Amino acid sequence: MSFNIRRGTAADLDALEELYGEVCDHMAATVNFCGWKRDVYPARQDAEAGIREGGLFLAEAEGEAAGSFILSSRQEDAYRDVNWPSDLPEGDVLVIYTFTVHPRYRGRGVGRAMLDFAVRYAAAQGVRALRLDVYEKNLPAIRLYESAGFRYAGTVSLGLEDIGLDRFRLYEKMPEAPAQQRDSACY
């Protein structure tokens, strides 16, 4: 199956809101691995902020939203308390937020395609590390991130205990520089 991954626009807001709702409904009816709640998180305002900041990406398949994620230079405060594999200034890091795959497209490669895209995008932007956090009970996402080469960096609280989300695992991956940059670099 092929996927088109592109930057989201305001014209995508209805589709993103529907994607978030369908993901939350599916989890409420099965296992809510990530602890998301419909109309709380993720919600339309999260997509609006991602689009406004220029970091929301949409994966499309068969003419519909198959997945989405946000890349942001903003790191959670708790990230400062972690001994990351790389000691980098914030400007050299992008964080993956609101990473989701539509229930109909789970197990079909959308998540891996979005992670691969994020890594290539980060490398092309000169970003030296991609980071993310994942609720410690979200085992499917943890397996995906680890199989994609993200390295565990620590476990922290993000201050969400009042809604039942107490501990989050943090991961990091170093994207390779594009070939034309690697060839001219000194090692």
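Colleague: Happy to look at this with you! Are H1 and H2 parallel, perpendicular or oblique to each other?

Modeller: Keep in mind that this is a predicted model. The axes of helix H1 (residues 13-29) and helix H2 (residues 44-52) cross at roughly 135° and come within 9 Å. Angles over 145 degrees would count as roughly antiparallel, and 65 to 115 as roughly perpendicular. The crossing of H1 and H2 falls in neither range, so the two helices are oblique.

Colleague: Thanks! Which residues of H2 make the contact with H1?

Modeller: On the H1 side, the contact uses Leu 13, Asp 14, Leu 16, Glu 17 and Tyr 20. The contact residues divide into five nonpolar, no polar and four charged. From H2 come Arg 44, Ala 47, Glu 48 and Ile 51.

Colleague: Just before H1 there is a loop. Is Asp 12 buried or exposed?

Modeller: Asp 12 lies in the loop between strand E1 (4-7) and H1. Leaving out residues up to four places away in sequence, Asp 12 touches Arg 6, Arg 7 and Leu 58. Its relative accessibility is 9%, and the cut-off is under 20%, so Asp 12 counts as buried.

Colleague: Now the interior. Which element gives the most to the largest nonpolar core?

Modeller: That core has 31 residues, and those with the most contacts inside it are Phe 69, Leu 71, Ile 96, Leu 130, Tyr 145 and Phe 150. Strands E2 (56-61), E3 (64-72), E4 (93-101) and E5 (129-135) each supply at least two residues, as do helices H3 (110-124) and H4 (139-147). With eight residues, the element that gives the most is H3.

Colleague: And how many residues are in the second core?

Modeller: This second core is separate from the other one. It includes Tyr 20, Val 23, Ala 65 and Val 156. Its size is 30 residues.

Colleague: Which residues does Ile 96 contact, leaving aside its neighbours within four places in sequence?

Modeller: Ile 96 is among the residues with the most contacts inside the largest core. Its partners are Phe 69, Ile 70, Leu 71, Leu 115, Ala 118, Leu 130, Arg 131, Leu 132 and Phe 150.

Colleague: Last one! In which hand does H3 pass H4?

Modeller: The axes of H3 and H4 are 10 Å apart, at an angle of about 45°, and the helices are therefore oblique. Gly 111, Arg 112 and Leu 115 in H3 meet Leu 144, Tyr 145 and Ser 147 in H4. These residues divide into three nonpolar, two polar and one charged. The crossing of H3 past H4 is right-handed.

Definitions and conventions. Residues numbered from 1 in each chain as written. Predicted model: local features only at pLDDT ≥ 70, side-chain atom pairs only at ≥ 80, totals over all residues. Heavy atoms only, no water. Core = buried A, V, L, I, M, F, W, Y, C linked by side-chain atoms within 4.5 Å. Buried < 20%, exposed > 50% of the residue type's maximum accessible area, 1.4 Å probe, protein only. Helix = DSSP H or I, 4+ residues; strand = E, 2+ residues; numbered from the N terminus. Contact = heavy atoms within 4.5 Å. Axes fitted to C-alpha atoms, helices over the stretch in contact; angles between N-to-C directions. Parallel < 35°, antiparallel > 145°, perpendicular 65-115°, else oblique. Nonpolar A, V, L, I, M, F, W, Y, C, P; charged D, E, K, R; others polar. Left-handed = near helix turned anticlockwise from the far one by under 90°.
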